[in-house]
Amino acid sequence: MKKKIVFFTFMFFLLSLTGALAAVNISLLPSQSEIEAEEMFTVSIEVSGAENLYGYEFGITFDPARFEVLTVREGEFFSRSGQDPTYLLAPILDNGSGTARQIVGVRLTPGAGATGTAMIAQLEFKEKSNEKSDYSSSISFSGQGKLLDPELKPLTVQESNACDIKVSIPNVDPDPDTVGDVNEDGDVDLTDAILCLQTICGIETGETVSTTADVNSDGKIGVAEAIYILRSVSGL
Ligand SMILES: [Ca+2]
Ligand SMILES: [Ca+2]
């Protein structure tokens, strides 16, 4: 009998411990699982199973050769779509080292935390690599991060999930018959070079700018084509 009491007491202790560690997970969720070169995308910080969440602090790390972070904004969940006042500290964005630090948000209504599953903040990124082929790269939390209740006591985070961004790079082999001929008139000449330079400067000419003139298989008409054409015209 005594053994049974000890067993049930132990089981009750285990169950209450499991309850105390009610799963609060934080995840990084990309807006798209696959993007293209130079495309912008967002990564949301989502909290699931939060009870009485009052404040948070996160850091994010990413490959600085491939991505840059543009902005960080607060998710609607934390302010209950603007009903409650909140404060988002200005994060420290360092695209040189590939970090977004001090992503800190706090609610300002005394004693009232947010409960549920939703996005608490969102980061906007841009792909910036000059990779020649498809690749995949992770964006992850740097360190543990903190979730706080209204008494500023930490909530236990069970899982922190990173995300992978797949980037597809257009890979078209240059066609010797069309390479450098930006306006598709059959010749590679100064007009093509000028069109390249106008394209680089964002000048709208109304002329054809054909990607079959691409010389370096990046799917774009730009500096590489201008240099190729000018060398070609000069007989270099
Ligand atoms: Ca031409
Ligand atoms: Ca090109």
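This note goes through two topics in a predicted model, namely its nonpolar cores and a pair of packed helices.

1. In soluble globular proteins, nonpolar side chains tend to be buried together. In this model the largest nonpolar core has 29 residues, and within it Leu53, Ile60 and Leu123 are the residues with the most contacts.

2. At least two residues of this core come from each of the strands β1 (24-30), β3 (40-53), β4 (55-61), β5 (67-74), β8 (99-107), β9 (114-127) and β13 (163-168). Of these, β3 gives the most, supplying 6 residues.

3. Ile60 is worth following in the structure: once its neighbours within four places in sequence are left aside, Ile60 is in contact with Thr99, Ala100, Ile103, Leu123, Ile139, Phe141 and Ser142. Apart from the core described above lies another one, of 10 residues, which includes Val182, Val188, Ala213 and Ile229.

4. Two packed helices are described by the angle between their axes and the distance between the axes. For helix α3 (residues 190-200) and helix α4 (residues 223-233), the axes come within 9 Å and cross at roughly 160°. Angles over 145 degrees count as roughly antiparallel, and α3 and α4 are therefore roughly antiparallel to each other. The crossing in which α3 passes α4 is left-handed.

5. Which residues meet where α3 packs against α4? From α3 come Leu190, Asp192, Ala193, Cys196, Leu197 and Ile200, and they meet Val223, Glu225, Ala226, Ile229, Leu230 and Val233 in α4. The residues of this contact divide into 10 nonpolar, no polar and 2 charged. Ile229, named here on the α4 side, is also one of the residues of the core of 10 residues.

Definitions and conventions:
Residues are numbered from 1 along each chain as its sequence is written. Chains are lettered from A and ligands numbered from 1 in the order in which they are written. This is a predicted model: local features need pLDDT of at least 70, side-chain atom pairs count only at pLDDT 80 or more; totals for chains, interfaces and linings use all residues. Axes are lines fitted to C-alpha atoms, for helices over the stretch in contact, and angles run from 0 to 180 degrees between N-to-C directions. Helices (H or I, at least four residues) and strands (E, at least two) are DSSP runs, numbered from the N terminus. Angles under 35 degrees count as roughly parallel, over 145 as roughly antiparallel, 65 to 115 as roughly perpendicular and the rest as oblique. A crossing is left-handed if the near helix is turned anticlockwise from the far one by less than a right angle, and right-handed if clockwise. Two residues are in contact if their C-beta atoms, placed from the backbone, lie within 7 Å. Ala, Val, Leu, Ile, Met, Phe, Trp, Tyr, Cys and Pro count as nonpolar, Asp, Glu, Lys and Arg as charged, and the others, Gly among them, as polar. A nonpolar core is a set of buried Ala, Val, Leu, Ile, Met, Phe, Trp, Tyr and Cys residues joined through C-beta atoms within 7 Å. A residue is buried if 20 or more other C-beta atoms lie within 10 Å of its own, exposed if 12 or fewer, and partly exposed in between; C-beta atoms are placed from the backbone.
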